[in-house]
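Subject: A structure for you to look at

Hi there,

Here is the structure I promised to pass on. Have a look at it first, and then read on for what turned up.

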Amino acid sequence: CVLMVGIQGSGKTTTTVKLAYALKNAGRRVFVASTDTSRPAAREQLARLADAVGITSMSYGDVDTTSAEALAQAAMQQASAGNFDLVLLDSAGRLDVDELLMNELVAIRNDVRPLQTFLVADAMTGNEAVAIAKTFHEHVGVTGVILSRSDADTRGGAALSMVEAIDRPIRFLGVGEQAGDLRPFEPAQAANRILGHGEILKLAERAQEGLSEEEQQRLLDRVQTNKFSLNEYLIHLRQTTKLGGITGILQSLPGMNHLASRFSGDRAEQEQGTASLALQERIISAMHDAERENPKLLDGDRRAAIATAAGVTVQDVNGVLKQFDALKTAYQRWQKLKSAEDARARKREKRKPRQKPKRKR
């Protein structure tokens with residue numbers, strides 16, 4: 001049995017059908033059921049979606065639909081009678097986590113003892129994601145996460161934080177609306193989709209190529225302490241020839257892929273109000289030391305003065321600051337992912353059984 005949990009609106013019901021469909025195509029005999037006691041429409045939706053792709057769903061005729069535990073028990077009985085080898089339980093959702101929902105889930109878990117409990121979370125979820133994940137995990141013991149709507153235009157930073165908070169892996173990604181649009185999570189292929197559009201990890205790693213060890217360590221220290229400034233950004237700019245200039249940068253920054261095709265040289269860049277790399281250096285050099293360390297000091301008057309000193313427009317100055325913010329976010333996410341992967345690697349290493357030294361004969 002697999003128990004699907006999540007708040008209302010996370011895409012839990014459609015994800016349940018997607019997972020059932022994938023398992024069916026893998027040769028499993030799958031049975032789905034809803035344990036939602038308060039919304040008959042949720043039960044009807046699951047049955048309709050399942051029927052559309054040839055998945056058998058629960059019959060609620062003689063079942064006590066006021067008890068989530070009774071619904072779960074009936075689902076297991078019907079599946080057993082029909083010789084199904086796997087049951088997917090689509091649990092109730094709420095607009096927010098509450099005690100009633102948690103009590104229902106605990107009762108279901110204690111009764112059916114699911115092999116897996118998957119938390120379905122919208123990849124576009126906000127900062128409340130961590131608290132939601134922790135609550136579900138503390139009550140029912142989440143074994144994995146499925147990110148729905150991961151095809152949307154979202155950076156998914158909150159989703160990553162949620163996964164790290166409960167130390168459970170992402171198992172699948174919902175990449176579309178169709179039943180077949182569920183993919184196993186593969187870190188190498190999906191990191192960009194979760195962390196943000198473009199090759200963020202490649203950007204952060206390649207930008208360090210050619211730097212001295214001292215410069216690399218300074219960059220790493222500044223990222224880790226959230227002190228990445230325009231000085232470090234300037235160091236990054238000097239490495240951008242390896243990334244294809246401004247076009248390469250835009251292809252690698254979160255949310256800027258759609259701009260990359262607009263730039264094919266300095267003239268096009270200037271026509272779009274974006275400074276070339278040389279102009280960006282002039283803009284940053286026109287700032288005071290304190291402003292390079294803390295760009296929040298740059299008010300409208302100072303931006304106008306910097307534009308005059310650098311021979312550019314205020315829009316160019318604003319463009320540099322926007323790109324700086326995007327790159328700072330990219331580095332922070334790269335460092336976060338790298339730290340999490342290092343921690344998991346250490347855990348895996350600890351779990352390896354130690355080989356006893358062979359006795360000498």
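To start with, how are helix 1 and helix 2 oriented relative to each other? The model is a predicted one, and in it the axes of helix 1 (residues 12-25) and helix 2 (residues 40-52) come within 10 Å and cross at roughly 30°. Angles under 35 degrees count as roughly parallel, so that is how helix 1 and helix 2 lie to each other. The crossing of helix 1 past helix 2 is right-handed. On the helix 1 side, the contact is made by T13, T14, T16 and V17, and on the helix 2 side by Q45, L46, L49 and A50. Sorted by type, the residues of this contact are four nonpolar and four polar, with no charged ones.

Now zoom out to the whole chain. You will find 17 helices and eight strands in it. Of its 361 residues, 47% are buried. Among contacts with a separation of 6 or more, 72% are between residues 24 or more positions apart.

Next comes the sheet. Eight strands form it, in the order 3-2-4-1-5-6-7-8; the sheet is open and its pairing is mixed. At the edges stand strand 3 (56-57) and strand 8 (182-184), each with a single partner strand, so one side of each has no neighbour in the sheet. Strand 6 (residues 144-148) and strand 7 (residues 170-174) run parallel and are joined by three bridges. If you want to find one pair of bridge partners, look for I146 and F172, the latter in strand 7.

Helix 1 appears again here, as it packs on the sheet and touches strands including strand 1 (2-5), strand 4 (86-90) and strand 5 (116-122). The direction of helix 1 makes about 170° with that of strand 4. Helix 3 (residues 68-81) lies across strand 2 and strand 4, and runs at about 160° to strand 2.

Finally, two residues in loops deserve a look. Most residues other than glycine have a negative phi. N83, however, has a positive phi, near 60°. You can find N83 in the loop between helix 3 and strand 4, and N83 is exposed, with a relative accessible area of 62%. D167 has a positive phi too, near 55°. D167 sits in the loop between helix 6 (157-166) and strand 7, and is partly exposed at 36% relative accessibility.

Enjoy exploring!

Best wishes

Key: Residues are numbered from 1 along each chain as its sequence is written. This is a predicted model: local features need pLDDT of at least 70, side-chain atom pairs count only at pLDDT 80 or more; totals for chains, interfaces and linings use all residues. Side-chain values use heavy atoms; hydrogens and water are left out. Axes are lines fitted to C-alpha atoms, for helices over the stretch in contact, and angles run from 0 to 180 degrees between N-to-C directions. Helices (H or I, at least four residues) and strands (E, at least two) are DSSP runs, numbered from the N terminus. Angles under 35 degrees count as roughly parallel, over 145 as roughly antiparallel, 65 to 115 as roughly perpendicular and the rest as oblique. A crossing is left-handed if the near helix is turned anticlockwise from the far one by less than a right angle, and right-handed if clockwise. Contact means heavy atoms within 4.5 Å. Ala, Val, Leu, Ile, Met, Phe, Trp, Tyr, Cys and Pro count as nonpolar, Asp, Glu, Lys and Arg as charged, and the others, Gly among them, as polar. Two strands pair if DSSP finds at least two bridges between them. Buried means under 20% relative accessible area, exposed over 50%, partly exposed in between (1.4 Å probe, protein chains only).
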